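Please read these points with the coordinates open. They cover charge pairs, buried cores and a few backbone angles.

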Amino acid sequence: VVNGTAVNAGDHKLRIIGNGNFKGETADIDWAIQKATLTVTADNKSIVFEETPEFTVTYVGFVNGEDQSVLDVSALAFDCSYSPTVYAVSHTITPKGLVSDNYMFVYVDGTLTVDKKHIGIPGPVTGLVYNGVEQTGVVGGYGYALFGDVTEKDAGAYSATATLTNDGYIWSDGTANDRTIAWYIAKADLHITTEGASRPYNGSPLTASGTIIGFVNGEGASFSVTGTITDVGSITNTYSIDWGTTDPDNYDVVTGTLGTLTITHRSVTITSNDASKTYGDDDPTFTVTIEGVVQGEVGVVTYKVSRVPGEDFHEDGYEISVTGFETEGNYRITFVSSGKLTIEKKDLTITAENKNVKFKESAPEYTYVVNGFVRGDAFTADKKPYISCEYMHCMGNSGGNMKLYMDLEEKYPMYQGGFIW
């Protein structure tokens, strides 16, 4: 009779009890159940660099329907050379640590494959405009270092270099070479305007003001308006900038409206003056009155003086005309011919000649001497006066040009007048 059974691996005892002729006899026999072999294979894994892998295994060799629940899996451990700071493309995963009463373990290594981590490619900061202080053109980030022109102050074009800081990194486009990032600080705008002005010529320079806006961070420059005009004409009201210690390369001069400086003609009036002479004399030197010429300016306008022809006495005189250029130099000239030349009658001296007669003789022929005639004029004593008879008919609106007859009366001493019908 066999007395003894076992399930688990290990050392066991078997007692044999005799029957029949051997009744009462016993014998103990040592025996054992060997552990079953369980193959534990580390599963292959793939991660991105810097991630923490989770290792697992696959079991082969469980018996009698058993599974990993019969194991103390908390004792399962792994050896792996992977480091999240030092890149290598693959690592061996070695499982270990399991303990079991019924199983002996054969461990099979797995492979951890590490993919490089994608790093975003840095780009330039856009819209930078000179402001007088340091500005960052490329912003630092995770996974790369920046070299070269990273922060700058002045306007201009710059270039920075981005370098991956670990072999486990790769740019998002799949490359790993250094990246050159171009960036730019634009010039600050300086807005300049100048004023315009206009006035008639007065001999002094005409100027106007201006403005400059846009300097940053306390910077500045000496700004002056250079437009100036004295004589008639128009010019642009220009400007100049003395930059001093300010760097002009940091500014873009934006010229707005530049005013116009205009000098117009100054109005001058030249008026002929009245003059007079005695019949038979030469004309006097005619004069004019000039109004509007800037004080101190001499000979800046020219003119010509003439008169209506005639040498006889005329009650209304003779008009003295002044003419010339409408514009001359800085002046616009108005000519006023309001002067009159008056010819005064010349005095004649008539002297009766002395006569001698004897008493009771007939009266002598009286004679006289006339002194004062000019221009070949003469007086005939026996010439009778001239009278126009019915030389004009005044009815209704007739009677025109009567003045011509009146002028004749003034001109000819022997023209006595006339009768109007």
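1. Arg332 has a relative accessible area of 37%, so this residue ranks as partly exposed. In this predicted model, the Arg332 side chain forms a salt bridge with that of Glu326, at 3.8 Å from N to O. Glu326 is itself exposed, with a relative accessible area of 55%. The N to O value of 3.8 Å falls inside the cut-off, since a salt bridge requires a side-chain nitrogen of Lys or Arg within 4 Å of a carboxyl oxygen of Asp or Glu.

2. Salt bridges with shared partners also build one network, made up of Lys277, Asp283, Arg307 and Glu311. Over the whole structure, the search finds 10 salt bridges. As background, side chains of opposite charge can pair when their charged atoms come close.

3. Strands β2 and β3 deserve a look together. Lys13, in β2 (residues 10-17), and Asp30, in β3 (residues 26-33), are 17 residues apart, and their pair links distant parts of the chain. Their side chains meet in a salt bridge of 2.6 Å, N to O. Asp30 and Lys13 are both exposed.

4. A further salt bridge, between the side chains of Arg15 and Asp28, has an N to O value of 2.8 Å. Because Arg15 sits in β2 and Asp28 in β3, this pair ties together parts 13 residues apart in sequence. Arg15 counts as partly exposed, at 38% relative accessibility.

5. Which residues have the most contacts inside the largest nonpolar core? They are Tyr130, Trp183, Ile185 and Tyr251, in a core of 28 residues. At least two residues of this core come from each of β10 (110-115), β15 (156-164), β16 (169-171), β17 (179-185) and β18 (188-194). The most is given by β15, with 4 residues. A second core, separate from this one, has 14 residues, among them Val288, Val301, Val322 and Tyr331. In soluble globular proteins, nonpolar side chains tend to be buried together.

6. Is Leu190 buried or exposed? Its relative accessible area is 0%, so Leu190 is buried. Leu190 belongs to strand β18. Its C-alpha atom is separated by 9.8 Å from that of Gly256, although the two residues are 66 residues apart along the chain.

7. On the surface, Glu134, Asp154, Asp247 and Asp249 form a negative patch. Asp247 is placed in the loop between β23 (239-242) and β24 (251-258). Its relative accessibility is 30%, so Asp247 counts as partly exposed.

8. Two loop residues should be checked for their backbone angles. Glu50 is not a glycine, yet its phi is positive, at about 85 degrees. The loop that holds Glu50 runs between β5 (45-48) and β6 (57-60). With a relative accessible area of 24%, Glu50 is partly exposed.

9. The other residue is Asn217, with a positive phi near 55 degrees, again in a residue other than glycine. Asn217 occupies the loop between β20 (210-213) and β21 (222-225). Its relative accessibility is 52%, so Asn217 counts as exposed.

Notes
Residues are numbered from 1 along each chain as its sequence is written. This is a predicted model: local features need pLDDT of at least 70, side-chain atom pairs count only at pLDDT 80 or more; totals for chains, interfaces and linings use all residues. Side-chain values use heavy atoms; hydrogens and water are left out. A nonpolar core is a set of buried Ala, Val, Leu, Ile, Met, Phe, Trp, Tyr and Cys residues joined through side-chain atoms within 4.5 Å. Buried means under 20% relative accessible area, exposed over 50%, partly exposed in between (1.4 Å probe, protein chains only). Patches are made of residues with over 30% relative accessible area and no salt bridge: like charges are joined within 9 Å, nonpolar side chains (Val, Leu, Ile, Met, Phe, Trp, Tyr) within 5 Å. Accessible areas come from the Shrake-Rupley method with a 1.4 Å probe; for residues, only the protein chains shown count as cover. Lys and Arg count as positive and Asp and Glu as negative; His and the chain ends are not counted. The place of a charge is taken as NZ of Lys, CZ of Arg, CG of Asp or CD of Glu.
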